[in-house]
Amino acid sequence: MALISRRARTLAGEGSVPGDKSISHRALIVGSVAVGETRITGLLEADDVLRTVDALRALGARIDRDADGVWRVFGRGVGGLAEPASVLDMGNSGTGARLLMGLLATHPFTSFFTGDASLSARPMDRVMTPLRRMGATISARSGDRLPLMIRGTAGPLPIVYELPVASAQVKSAVLLAGLNTPGTTSVVEPQPTRDHSELMLRHFGAEVAVERLDGGGRAIMLAGQPEITGRHVVVPGDLSSAAFPLVAALLVPGSRLTLSRVGINALRSGLLETLGEMGAGIAIADRRTEGGEPAADLTVEAGPLRGVEVPPERAPSMIDEYPVLAVAAACAEGVTRMTGLGELRVKESDRLGAMARGLEACGARVEEGPDALTVHGTGRAPRGGARIAVERDHRIAMAFLVLGMVAAEPVAIDDAGPIETSFPGFAGFMNGLGARVAAEDAP
Ligand code: S3P
């Protein structure tokens, strides 16, 4: 369905965004190979995560949802999953596909993975390389694209793997493969990436050591074949989803918004730092730890923003937030220059190209480099008045709906379907705060 977003008067209220997508995948996956029952509260019930549920069920894990929304996973123990009878269709989910490939690399049976057009265009060699080194056999279309076949090894080798790209998905794939590997599996990351896997594995009782390296990197060491047992996991709200209402409330004059229990893991919260540097008023209250992850209530008030330089080393901690940051930058006063964005080209879409084209179509002045984006803000929202092709990318869709909330002319998106992968009910949630998002052909 196509949606159109018109200028909002103000956005106000309190609410909570759906559960963290990264943590939801990990709770299900680790729960499936723990011994006994895992209860998950606040799981993100969106397409990406439900694909992981279906895949784990096909692999023999029993997963139930109680009437009160609590999910129960009955784990089969480390190495205890069984060969699936059907193809694992991961839909749009890069995280689901890559993490499960890791897990299955050390289960001695054959699995087939497929996905939608967006996922089938994304590179898988980044996980294939280390998983082959551990002993898995992988054969993929065009060398490194889905659909692919993976045959896990019965005699896995522990490796020390230095990440060639700053990717938590690759790190997690190697660590999950390391679960059913004797000895110590190590990942060295020159730039720290989100550590949800490390925290989740520890929460379940695995031994994960982290060493800080000179130059800011980290080495993560997992002791293989641990006895992990079912736990209770409380999933905080997803900061990557909260980013859209937060930025919208910063931009629409007179707005004030509180979002409760949002995850604020330091390796995920680069957006809050950047918005702070742009002059945003964001109050962080009631900090707490839920299931090993830090969470807090966030309150924002609308106010003027100024352009900033966003350094490349911040990219891993706000990688999914660049689309909405670019919208904020287009409304700020002055130039915002974002560098080190090469990874944005291989997300659900080429996000760098999609943002540059879309913002230009809405009247903003932007320059796109191979791995950089410069946005020339004028202190006023760009005109709007464009229809954006979202290319099966949920974050592109939501970013342009946010722009429509503040632009003089409405902004339309050609397909709201992808939003279901991470933020079901987004339009209704925003409208509840005062936004005006509607079906494009509504009267
Ligand atoms: C994720 C890691 C990031 C992020 C993705 C979720 C994860 O991808 O973009 O949405 O849950 O590990 P990369 O690890 O490929 O950067």
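User: Let's start with Arg-314: is this residue buried or exposed?
Analyst: Happy to help! This is a predicted model, where local features need pLDDT of at least 70, side-chain atom pairs count only at pLDDT 80 or more, and totals for chains, interfaces and linings use all residues. Residues are numbered from 1 along each chain as its sequence is written, and side-chain values use heavy atoms, leaving out hydrogens and water. Arg-314 has a relative accessible area of 10%, and because the limit for buried is under 20% (exposed is over 50%, partly exposed in between, with a 1.4 Å probe and protein chains only), Arg-314 is buried.

User: Which residue meets the side chain of Arg-314 in a salt bridge?
Analyst: The N to O distance of this salt bridge is 3.5 Å, where the term asks for a side-chain nitrogen of Lys or Arg within 4 Å of a carboxyl oxygen of Asp or Glu. The pair links distant parts of the chain, 41 residues apart, with Arg-314 in the loop between β18 (309-310) and α10 and the other residue in helix α9 (residues 270-277). At 45% relative accessibility, the partner counts as partly exposed. The partner is Glu-273.

User: How many residues apart in sequence are the parts tied together by Lys-171 and Glu-189?
Analyst: Good one to look at next! The two side chains meet in a salt bridge of 3.3 Å, N to O. Lys-171 lies in helix α6 (residues 168-179) and Glu-189 in strand β11 (residues 184-189), so the pair ties together parts whose separation in sequence is 18 residues.

User: What relative accessibility does Lys-171 have?
Analyst: Glu-189, its salt-bridge partner, is buried with a relative accessible area of 0%. Lys-171 counts as buried too, because its relative accessibility is 0%.

User: How many salt bridges does the structure hold?
Analyst: Another pair is Arg-62 with Asp-64, at 2.8 Å, N to O; here Asp-64 is partly exposed, with a relative accessible area of 26%. There is also a network of salt bridges that links Arg-122, Arg-194, Asp-320, Glu-348, Arg-351, Asp-393 and Arg-395. For the structure, the count of salt bridges is 35.

User: In which strand does Glu-293 lie?
Analyst: Glu-293 counts as buried at 4% relative accessibility. Its C-alpha is 11 Å in space from that of Gly-237, and the two residues are 56 apart in sequence. The strand spans residues 293-301 and is named β17.

Conventions:
Helix = DSSP H or I, 4+ residues; strand = E, 2+ residues; numbered from the N terminus.
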